[in-house]
Amino acid sequence: MSRNLPYSSTTIKIIWKIMNGQMPCVFQELTGLYCPGCGGTRALKALLKGDVITSILYHPLILYVVFVAVLFAFSYLIYAKTKNPKFRLHFDNKYAYIGIGIIVINFVIKNYYLMFEATDLLQTLPPV
Ligand SMILES: [Zn+2]
């Protein structure tokens with residue numbers, strides 16, 4: 001009686017990438033499609049280098065999250081200085097819905113190009 005090996009070629013490929021200092025996307029390795037977060041790390045790296053356009057192209061959610069965080073920080077600073085509650089923003093679901101919308105649109109566009117236009121958009125961007 002033979003047993004199947006517990007590791008598929010995909011598993012070996014993922015382990016090989018990790019051992020070589022890469023951060024593979026398990027979703028992409030299994031399906032060939034981008035996951036909703038693909039490009040996020042590169043977007044953050046580009047943003048930290050000050051390359052806003054490349055960051056947006058890799059994943060627009062990163063800039064959105066940073067923008068909302070800075071907006072809330074300034075709001076709180078102004079509120080702390082003035083004690084006027086009208087300057088204090090309160091988190092509500094619209095910020096999350098906008099973020100989810102950005103993720104869905106990004107996911108659809110990148111995978112549309114991958115599946116129907118044979119264009120891997122993330123590979124066309126400059127490396128960060
Ligand atoms: Zn991914």
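## Overall architecture

Read along the sequence, the protein chain of this predicted model follows the pattern α-α-α-α-α-α-α. It holds 7 helices and 0 strands. The radius of gyration of the protein chain is 20 Å, well over the 14 Å that the globule rule gives for 128 residues, so the chain is more spread out than a compact globule. Along the principal axes, its C-alpha atoms fill a box of roughly 75 × 35 × 25 Å.

Burial and contacts in the chain can be put in figures as well. Of the 128 residues, 10% count as buried. Among contacts between residues at least 6 apart in sequence, 38% join residues at least 24 apart.

## Confidence of the prediction

The mean pLDDT of the protein chain is 90, and 95% of its residues reach 70 or more. Confidence is lowest in helix α1 (residues 9–19), where the mean is 77, and highest in α4, where it is 97.

## The nonpolar core

The largest nonpolar core consists of 5 residues: Ala43, Ala46, Tyr58, Leu61 and Ile62. Two helices, α3 (40–48) and α5 (60–82), each supply at least two residues of this core. One of the core residues, Ala43, is in contact with Ser55, Tyr58, His59 and Ile62, leaving aside its neighbours within four places in sequence.

## Helix α3 and its buried face

Arg42, Ala43 and Ala46 are the buried residues of α3. Seen down the axis of α3, these residues fall within an arc of 105°, so they line one face of the helix. An α-helix has 3.6 residues a turn, so residues three or four places apart point the same way.

The buried residues of α3 pack against α4 (52–58) and α5. After α3 comes Gly50, with a positive phi near 90°.

## Helix α1

Helix α1 is hardly covered: among its 11 residues, the count of buried residues is 0. Just after α1, Gly21 takes a positive phi of about 80°.

## Helix α5 and the loop that follows

Val68 lies in helix α5. With 16 C-beta neighbours inside 10 Å, Val68 counts as partly exposed, because a buried residue needs 20 or more. Val68 and Gly37 are 31 residues apart in sequence, and their C-alpha atoms are 18 Å apart in space.

The loop between α5 and α6 contains Lys83. With 9 C-beta neighbours inside 10 Å, Lys83 counts as exposed. Most residues other than glycine have a negative phi. Lys83 has a positive phi of about 60° although it is not a glycine.

## Helix α6 and the loop that follows

Helix α6 (residues 93–116) has 24 residues. From its first C-alpha to its last, α6 reaches 34 Å, close to the 34 Å expected at 1.5 Å a residue. Of the 24 residues of α6, the number buried is 2, so this helix lies largely in the open.

Ala118 follows α6 and is found in the loop between α6 and α7. Although Ala118 is not a glycine, its phi is positive, at about 50°. With 7 C-beta neighbours inside 10 Å, Ala118 counts as exposed.

## Helix α7 and its contacts

Leu122 lies in helix α7 (residues 121–124). With 18 C-beta neighbours inside 10 Å, Leu122 counts as partly exposed. Leaving aside its neighbours within four places in sequence, Leu122 is in contact with Cys38, Gly39 and Tyr58. One of these partners, Tyr58, also belongs to the largest nonpolar core.

Leu122 can also be placed relative to Val52. The two residues are 70 apart in sequence, and the distance between them in space is 15 Å, C-alpha to C-alpha.

Key: Residues are numbered from 1 along each chain as its sequence is written. This is a predicted model: local features need pLDDT of at least 70, side-chain atom pairs count only at pLDDT 80 or more; totals for chains, interfaces and linings use all residues. A nonpolar core is a set of buried Ala, Val, Leu, Ile, Met, Phe, Trp, Tyr and Cys residues joined through C-beta atoms within 7 Å. A residue is buried if 20 or more other C-beta atoms lie within 10 Å of its own, exposed if 12 or fewer, and partly exposed in between; C-beta atoms are placed from the backbone. Helices (H or I, at least four residues) and strands (E, at least two) are DSSP runs, numbered from the N terminus. Two residues are in contact if their C-beta atoms, placed from the backbone, lie within 7 Å. The expected span of a helix is 1.5 Å times one less than its number of residues. The arc is that of the directions from the helix axis to the C-beta atoms. The radius of gyration is taken over C-alpha atoms; the globule rule is 2.2 Å times the number of residues to the power 0.38. pLDDT is the predictor's confidence in each residue, from 0 to 100.
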